[in-house]
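Subject: Handing over a structure, with notes on what was found

Hello,

I am passing a structure on to you, and the notes that follow it go through what was found. Please keep the sequence and the 3D view open while you read.

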Amino acid sequence: FLRSLVLYFRSNLGGLHQFKTDSIFSVLDRVIMILICGFLLLKPGLREDFKIEWFILCQTTAYLLSAIFAFLIVIKQVSVFKPGIKSNYNLAIIKQLLPYALLVFLMSIYTHIDPFLVERLLPDGKHQAGIYAQSSRILEMFSNYSYLFAVILLPVFSKMLGKKQN
């Protein structure tokens with residue numbers, strides 16, 4: 001939820017053409033997490049007792065701080081901010097978006113179920129699932145380039161369309 005909130009605020013920054021600020025927020029949560037975990041791992045008394053719960057807490061704290069900072073920057077950039085809930089309007093939007101949300105959910109299951117199936121269907125499933133996971137991360141790395149172009153170009157195109165430019 002916090003990661004999605006940070007992405008939402010980043011999309012607002014992209015829409016405002018604050019690309020440098022957006023790029024800072026794309027790595028801020030990781031930098032905060034590295035600093036907190038680095039402190040915990042380098043401190044001699046804490047290094048031996050490091051637990052996975054601490055890692056989860058570090059990551060949650062980093063996402064929370066990033067979301068708060070991004071919210072403050074977006075509020076500073078936007079001249080009019082009227083939070084409110086229009087129940088009938090929101091309910092109508094949710095009803096219209098529900099099929100798409102279900103599609104995204106089912107497609108994410110479809111996309112990410114492969115390693116589990118490989119592990120359970122093959123005799124040496126754990127080894128093969130590891131190979132599959134490595135290759136899918138390489139594929140994901142290459143697809144990030146198109147994602148980066150889309151993140152920058154879509155706000156530019158929407159602004160141009162709003163101004164009726166070619």
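Does M107 count as buried, partly exposed or exposed, and what is its relative accessibility? Before the answer, please keep in mind that this is a predicted model. M107 lies in helix 5, which covers residues 87–112, and at 41% relative accessibility M107 counts as partly exposed, because the value falls between the limit for buried, under 20%, and the limit for exposed, over 50%. From M107 to S136 there are 29 residues in sequence, and in space the two are 16 Å apart, C-alpha to C-alpha.

A second pair can be looked at in the same way, starting from helix 2. I34 is found in helix 2, and with a relative accessible area of 57% I34 is exposed. I34 and Y89 are 55 residues apart in sequence, and their C-alpha atoms are 42 Å apart in space.

Next come the packed helices. In general, two packed helices are described by the angle between their axes and the distance between the axes.

Helix 1 and helix 2 pack with their axes 8 Å apart, at an angle of about 165 degrees. Since angles over 145 degrees count as roughly antiparallel, helix 1 and helix 2 are therefore roughly antiparallel to each other. Their crossing is left-handed. On the side of helix 1 the residues that meet helix 2 are R3, V6, R10, L13 and G14, and on the side of helix 2 they are F19, T21, D22, F25, S26, D29 and R30. Sorted by class, this contact of helix 1 with helix 2 has five charged, four nonpolar and three polar residues.

One residue of that contact, D22, can be followed a little further. D22 lies in helix 2, which runs over residues 19–42, and at 5% relative accessibility D22 counts as buried, because this value is under 20%. If residues up to four places away in sequence are not counted, D22 touches R10, L13 and V151.

Between helix 1 and helix 2 there is a loop, and H17 lies in it. Phi of H17 is near 60 degrees, which is a positive value in a residue other than glycine. As background, most residues other than glycine have a negative phi. H17 is partly exposed, with a relative accessible area of 26%. Phi of K164 is also near 60 degrees, again a positive value in a residue other than glycine. K164 lies in the segment after helix 7 and is exposed, with a relative accessible area of 74%.

The other helix pair to look at is helix 6 (residues 114–121) with helix 7 (residues 125–162), whose axes come within 7 Å and cross at roughly 155 degrees. Helix 6 and helix 7 are therefore roughly antiparallel to each other, as the angle is over 145 degrees. Helix 6 passes helix 7 in a right-handed crossing. From helix 6 the contact is made by D114, P115, V118 and E119, and from helix 7 by G125, K126, Q128, A129 and Y132. By class, the contact of helix 6 with helix 7 has three charged, two polar and four nonpolar residues.

Finally, how many aromatic pairs are there? When rings are paired if their centres lie within 6.5 Å, the count comes to three aromatic pairs. One of them is formed by Y8 and F9, and this pair is tilted, with 5.6 Å from centre to centre and 55 degrees between the planes. In another, the rings of F9 and F71 have their centres 5.6 Å apart and their planes at 55 degrees, so this pair is tilted as well. F9 lies in helix 1 (residues 2–15) and F71 in helix 4 (residues 52–77), so the pair ties together parts that are 62 residues apart in sequence. F9 counts as buried at 9% relative accessibility, whereas F71 is partly exposed, with a relative accessible area of 32%. Taken together, ring pairs link Y8, F9 and F71 into a cluster.

With best wishes

Conventions: Residues numbered from 1 in each chain as written. Predicted model: local features only at pLDDT ≥ 70, side-chain atom pairs only at ≥ 80, totals over all residues. Heavy atoms only, no water. Helix = DSSP H or I, 4+ residues; strand = E, 2+ residues; numbered from the N terminus. Buried < 20%, exposed > 50% of the residue type's maximum accessible area, 1.4 Å probe, protein only. Contact = heavy atoms within 4.5 Å. Phe/Tyr/Trp six-rings, centres within 6.5 Å; stacked < 30°, edge-to-face > 60°. Axes fitted to C-alpha atoms, helices over the stretch in contact; angles between N-to-C directions. Parallel < 35°, antiparallel > 145°, perpendicular 65-115°, else oblique. Left-handed = near helix turned anticlockwise from the far one by under 90°. Nonpolar A, V, L, I, M, F, W, Y, C, P; charged D, E, K, R; others polar.
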